[in-house]
Structure formats: C-alpha cells, structure tokens
Amino acid sequence: MKQCIENPNELKWDEFWASELEQKKDRGKDWDKAAEGFHKRAKKDDYHDALFSKLMLDENDSLLDLGCGEGSITLPLALKVRKVTGVDSSTKMIELLNQRAENKGIDNVKTILKPLEDITYEEVEAHDVVLASRSLNGIIPIKKTLEEINKIANKYVFITLFGPENWKIEGEFNEYLGRENKHFPGHNYLFNILFNMGIYANVERLDIKAYREYDSIEEAMDNGKFRLDLLNYEEKAKLKEYLEKILSKNPETGKLYNKKDKADWILIWWKKE
Ligand SMILES: C[S@@+](CC[C@H](N)C(=O)[O-])C[C@H]1O[C@@H](n2cnc3c(N)ncnc32)[C@H](O)[C@@H]1O
C-alpha cells in the first residue's frame, strides 16, 4: 500500500497497521493449544510487577481486562478492585481463568468469550479502567477496537504492546534459517492512530530486568515465541542447533540463558477527560 505524503497528520496509520499484519503470516496463534504452556511460563519474568506498578486503580473501580488469558494479570488485580470483566476468544484460557478464580475463592470476576474485534460499549457497558495487556498486537480493525475501548473507559486505558526489541533472538533465528523477518507493526503506529483520533497518549517502555532462563534446550525451544507449530522437522533441528550455539550456562543457577532473550513491552496509556 502506498500513501502520498503531503501532510503527515493525514497518514492513515491504521491502514499501514492492517497491511503489515495481513502480510505477517505467523501473526495468529492457536491460544487454546498455547494456554497450558503460557500458564506454566507466566511469571518467569518481571513483566507483571512492572505493569502492576504503572496501573492506577482504586478499590471501588470496575476493570475490563481485554485478552485476559488464563488470569495471571486478571486474578491479582481482582483483589485490588471492586469487580473485573475478562474478555478472551480462547475457550481454554477462559476455562483456566475461571477454574483458578474458583480455586482461589475470587468471586468478583466475570468472563466473556468473544473476539476483541467484536466488543461493543453496548454489550460490556462502561468500566472505570480498561486494560489490554499483550493482546492488541494482532488486531486488524485496530481503530474501531480502540474507539470502542475509549468509549467504555470512564477513567483510564492501559495497553501494552511488543517493544522493538521483543523478538531479538527469534528474529536472529529467522535470519539463521535464511527467512524473511516480518515484524508486527510498531507501537509508534498505535500512538499515531490514537493521535489522529484526538487521543494524546503517554508512552513508556516497561523496565523488564530479567532475561529468560531454561532448564534445557527443549524448554528454550518451547518458550512460546518460536512458532514450533509452523516449523518442519529440519527447521526444528536447526532451532536446536541455533539455541545450543547462543545459550550459555549460568554457573550459579545451572540454567541456560542469553542476555538478549528478554521481553520488551511498551505501555501506552491515557486518562479520559
Ligand atoms: C499473550 S496473551 C496475554 C494474556 C494476559 N493479558 C497477560 O498479559 O498475561 C494474549 C491473550 O489474548 C487473547 N487474544 C489474542 N487475540 C485475541 C482476539 N482477537 N480476541 C480475543 N482475545 C484475543 C489470547 O487468547 C490470549 O489469551
């Protein structure tokens, strides 16, 4: 898609966003299949603490958690607010969340099984705070979804998106395979889409300190970021070979690591006027 630029503020950032996502063939993940592994890996880095330290929540607030997943964000937040509505399109994720809420005796969480693209103000109604943690990167009708989110929020909206360095070792593996590396559209697109909607958001890079550590090469291969479901037998063997090359053993913990293997998340948030 080509746009002739005379006035940069007229750029249709949502069209660039959509066009890049459409070209990114590995953008969609089967979250039902990934749910158990995602849950096992949750809390392996300090993303949760970094995010929690930035949210502005009051004990009387209602919170809408979009792309809530299996609840590693939703459930701790349910203890801090009056009520939470979690929305996710993965049956497995919602089942895990509901089961975990029951086990923990948390009874102020309601879930809705639905694609985020289809949420409307009329259905979910107003909430004080809307959070979309690590769930908007693959949404194509992004402007419409953001408009709905903005309508729903009474006080604040918090969104986290991949930062530019999130896919470092995965990108290098693609180069190693001789494959083209297609990126997700950058967080600057989303900032500009909001800007053109008249929403002047704050942008912060979360300070994630911990790099990932693994007990084995197999665990590193299955870190949730390499798309094992899209790799053939030979490519999996190459991935093993690549990881053997780049991972070192931490003499103190005995675990495998590479300092570049770290999450990079950008927080975009705004206050409703
Ligand atoms: C990376 S997980 C994030 C889970 C949780 N918010 C967190 O930060 O730990 C992404 C979640 O978003 C959900 N998701 C992704 N795309 C979605 C969509 N279009 N509609 C609804 N849920 C979606 C997935 O099912 C998954 O549970």
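This is a short talk on the ligand site and two helix pairs in this structure.

Okay, hi everyone. One thing up front: what you're looking at is a predicted model.

Let's start with the ligand. There are 18 residues around it, and the ones that come nearest are G67, D88, L116, S133 and R134. If you sort that shell by residue type, you get eight nonpolar, six polar and four charged.

Now the polar contacts, going through three of those residues. At G67 it's the backbone that takes part: one of its polar atoms sits 2.7 Å from a nitrogen atom of the ligand. With D88 we're talking side chain, where an N or O atom is 2.6 Å from a ligand oxygen. R134 also uses its side chain, with a polar atom 2.9 Å from an oxygen atom of the ligand. And how much of the ligand's accessible area does the protein cover? The ligand has 600 Å² on its own, and 91% of that is covered by the protein.

Right, on to the helices. For two packed helices, the description is the angle between the axes plus the distance between them.

Take helix 7, residues 142-152, and helix 9, residues 187-196: their axes come within 11 Å and cross at roughly 60°. That angle makes helix 7 oblique to helix 9. As for handedness, helix 7 passes helix 9 in a right-handed crossing.

The other pair is helix 8, residues 168-177, with helix 11, residues 233-246. Here the axes come within 11 Å and the crossing angle is roughly 120°, so helix 8 and helix 11 are oblique to each other. Their crossing is right-handed.

That's it from me, happy to go back to any of these.

Terms used
Residues are numbered from 1 along each chain as its sequence is written. This is a predicted model: local features need pLDDT of at least 70, side-chain atom pairs count only at pLDDT 80 or more; totals for chains, interfaces and linings use all residues. Side-chain values use heavy atoms; hydrogens and water are left out. A residue is near a molecule or strand if one of its heavy atoms lies within 4 Å of it. A polar contact is a pair of N or O atoms within 3.5 Å; within protein, one must be able to donate a hydrogen and the other to accept it, and residues adjacent in sequence count only if both atoms are side-chain atoms. Accessible areas come from the Shrake-Rupley method with a 1.4 Å probe; for residues, only the protein chains shown count as cover. Ala, Val, Leu, Ile, Met, Phe, Trp, Tyr, Cys and Pro count as nonpolar, Asp, Glu, Lys and Arg as charged, and the others, Gly among them, as polar. Axes are lines fitted to C-alpha atoms, for helices over the stretch in contact, and angles run from 0 to 180 degrees between N-to-C directions. Helices (H or I, at least four residues) and strands (E, at least two) are DSSP runs, numbered from the N terminus. Angles under 35 degrees count as roughly parallel, over 145 as roughly antiparallel, 65 to 115 as roughly perpendicular and the rest as oblique. A crossing is left-handed if the near helix is turned anticlockwise from the far one by less than a right angle, and right-handed if clockwise.
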